[in-house]
Each structure stands twice: as structure tokens, then as C-alpha cells.
Amino acid sequence: MNMKIALAGNPNCGKTTMFNALTGANQYVGNWPGVTVEKKEGKLKGKRKDEDIIITDLPGIYSLSPYTLEEVVSRDYILNENPDVIINLVDATNIERNLYLTTQLIETGVPVVIALNMADLLKKRNIKIDTKRLSMLLNCPIIETSALKQTGLNDLMDEAIKVARKKEVALPKDIFSSELEKAIAEVEKLLPVSISEGKKRWYAVKLLENDSKVVESIGNQIQNKTLIDQQREALEKKHDDDMESIVTDERYQFIQKIISTTVKKGGEKLTVSD
Ligand code: BGO
């Protein structure tokens, strides 16, 4: 069996430690084509080592925007190289910030499994996470791991392989406000047939944001580009803000909403309001 697994996450979430734990000495290090960003790939070690499971360690990033080489390398890989699954490492002690990237990864049409890493620190930091509920709200499997102590890694790989074989992509419901969701649905209708069903949402959001690289790559395949501009302008006028900020704010509002019922820090109460 051939399988491609991508590791993605914020800087300092424990990705290097996880990559080393999963691949051991079976690593090749080079550069991503055309740029001086380090590319690390390795074969999964241990009991499944004959199955040819290749793990690609993507650069540490906070977002899939087009502004840094690391972000561009990561998103080009995810969208064009067809990994079977993304393992998204989330630092459990810094969950709010880390989930911002998660909300973007789950839009790319590639199935995602979350490794809730640094789980060994949760007790010490007095943080409680209702993993089951968080997984339900994100519509995405979550496995608690400690890359440092090498716990949860077998369960993580079992889940990632299961999800990769299933090839089903699930989006969380209601990430954005209904007006933004409506605009995204309208833009999806204008996308060229070359964009697969699963990837449509990502491209629609990026076109609404006027993402320079996406406009450059598929802009000329869209006939009614003015309709996208109209959707963007209407929302920008209503919010008196630019589209990228509107999308960013709504992602954080979604994250706030879901963590308010799933994450408890210190003596805070965990309230379930819906
Ligand atoms: C230092 N649990 C704990 N407790 N720590 C972890 C875990 C985990 O699950 N996973 C990683 N770390 P990287 P990126 C360090 O280096 O893999 C730690 O950027 C130190 N170094 O050991 O590098 C890991 O690749 C001195 O910590 O992350 C590392 O994603 C004092 O998280 C750090 C304390 O891991 C970042 C920590 C000299």
C-alpha cells in the first residue's frame, strides 16, 4: 500500500519531535523545489514500515495565506500533491491560536486528523479539553498525543490510515455567518470544473479574499469574475472592513464559540450552551 501523509501545524507545536518519533532514521532532507525552505520526508517506522507510508513534514505555519514562502509551499503541497490525509498537530496548551490553521486545513478537501499534542502538559497546566465534543464540533477525529513522551502515536497512525482509506472529507457545519456562507456558495457555482468538489470551498473563500496566487492560477478560467467582486464589495461595505479581515474575524468567532464549550482553563467553568 502506498500512502502519503502530510504533517501540518504552527511553529513549536512539536512537529519535528513527532516527525522524528514517527520516522526515526528513515528520513530524507532537502529543499522544496525552487525555494530555500527545508523539505523533510520519511518513511513510517515500526510495525507498518513495509506498507510504504511516506510522511511529509510541512513547514510550521500559522495560516494558509499567500504571504510567506512556508505558507505557499504548504498550501501548494496540500492542494496539488494530493496527500491522502493531513495530520494537523495542535498544541493543546495553545489551542485557540492553533485552531485558526485547522479551520483552513479542513477546507482544502484533504481529510484531516488532529493530533492534540502536548497532552502530557494539560494536567500540569490545569487545562481540561472535552476532546469528544471538540471532535464533533469540528467534524474531525482528534487523538491526544505527546510527541515528547511518544504516547498516542499508534492510535494517531491507526486513525490517520483509517481516514486516508475512507477518502471522505467532512466539513464542520456553520464556520461562518450565514451571509458569508451564502457568498461562498455563490462563488462555488462559478468555479471551473477542473476544481474537484472537495476543494471548492477553499477556492471560493480564497477568491472572495482576492488571494493573489489563486486569482493568478485560476482567475482566467472564471467567466463571471465580476460576480465575485460584487459579493466581496457588498460584504466589505456592510462590515466596513476588508474581506480578509472579515474572514479572519469570523474564523476566530467560530473558534471562540467551540472552545467556550469544550476547553476549561484553571478554575473556569465549562459551560455547554447549545
Ligand atoms: C524544546 N509534550 C511536551 N511536553 N513537549 C513537547 C511535545 C509534547 O508532546 N512535543 C514537542 N515538545 P518541536 P516544531 C525545549 O526543544 O518539535 C517540545 O517547531 C528545549 N529545547 O521537545 O521543535 C519539544 O517542530 C528546552 O522543546 O516543534 C521542544 O513544531 C526546554 O516542544 C518544543 C524546553 O518542539 C518544540 C523545551 C532546548
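Start by selecting β2 and β3, two strands that run antiparallel and are joined by five bridges. For one pair to click on, take V29, whose bridge partner in β3 is K40. Now follow the chain from one strand to the other: β2 and β3 make a hairpin, with six residues between them. Pick out G34 in that turn, where phi is positive, at about 80°.

A quick word before moving on: this is a predicted model. Its mean pLDDT for the protein is 93, and 96% of the residues reach 70 or more. For the complex, the predictor gives an ipTM of 0.97 and a pTM of 0.95.

**Next stop: along the sheet**

Keep β3 on screen and add β4. These two strands pair in the antiparallel sense over four bridges. Colour K43 and I54 to see one such match, since I54 in β4 is the bridge partner of K43.

Now show the whole sheet. What order do its strands come in? Reading across, you meet β2-β3-β4-β1-β5-β6-β8, seven strands in an open sheet with mixed pairing. Which strands stand at the edges? They are β2 (27-31) and β8 (142-144); each has a single partner strand, so one side of each is left without a neighbour in the sheet. Turn the view a little and look for the twist, which averages 25° from one strand to the next. As a bit of background, strands of a sheet pair through backbone hydrogen bonds, either parallel or antiparallel.

**A parallel pair**

For the parallel kind, select β5 (residues 85-91) and β6 (residues 112-117), which six bridges join. Two pairs are handy to label here. I87 has V113 as its bridge partner in β6, and D91 has N117.

Stay on β6 and hide the rest for a moment. Is this strand covered or open? It is mostly covered, with six of its six residues buried. Show the side chains and you can sort them by direction: V112, I114 and L116 point one way, while V113, A115 and N117 point the other way, and all are buried.

**The helix across the sheet**

Bring in helix α1 (residues 15-23). It lies across β1 (3-9), β2, β3 (38-43), β4 (53-57), β5 and β6, and runs at about 160° to β4.

This helix also takes you to the ligand. Which element gives the most to the shell around the ligand? That is α1, with three residues. Select the ligand and the 16 residues around it; G14, K15, T16, T17 and L148 come nearest. Coloured by class, the shell shows six nonpolar, eight polar and two charged residues.

**Two residues with an unexpected phi**

Now go to M118, in the loop between β6 and β7 (127-129). Its phi is positive, about 65°, although M118 is not a glycine. Buried or exposed? M118 has 26 C-beta neighbours inside 10 Å, so it counts as buried.

Then jump to N139, in the loop between α4 (131-138) and β8. N139 is not a glycine either, and its phi is positive too, at about 55°. The surroundings of N139 hold 13 other C-beta atoms within 10 Å, so this residue is partly exposed.

**Helix α2 and a look at V73**

Select helix α2 (residues 69-80) and find V73 in it. V73 has 21 C-beta neighbours inside 10 Å, so it counts as buried. Which residues does V73 touch? Leaving out residues up to four places away in sequence, the list is W32, V35, V37 and P59. To get a feel for distance, draw a line from V73 to I129: the two are 56 residues apart in sequence, and their C-alpha atoms are 32 Å apart in space.

**Last stop: helix α10**

Finish at helix α10 (residues 243-260), where you will find D249. D249 is partly exposed, because 14 other C-beta atoms lie within 10 Å. Draw one more line, this time from D249 to F176. How far apart are they in sequence and in space? They are 73 residues apart in sequence and 9.5 Å apart in space, C-alpha to C-alpha.

Methods. Residues are numbered from 1 along each chain as its sequence is written. A residue is near a molecule or strand if its C-beta atom, placed from the backbone, lies within 6 Å of it. Ala, Val, Leu, Ile, Met, Phe, Trp, Tyr, Cys and Pro count as nonpolar, Asp, Glu, Lys and Arg as charged, and the others, Gly among them, as polar. Two strands pair if DSSP finds at least two bridges between them. Axes are lines fitted to C-alpha atoms, for helices over the stretch in contact, and angles run from 0 to 180 degrees between N-to-C directions. Two residues are in contact if their C-beta atoms, placed from the backbone, lie within 7 Å. A residue is buried if 20 or more other C-beta atoms lie within 10 Å of its own, exposed if 12 or fewer, and partly exposed in between; C-beta atoms are placed from the backbone. pLDDT is the predictor's confidence in each residue, from 0 to 100.
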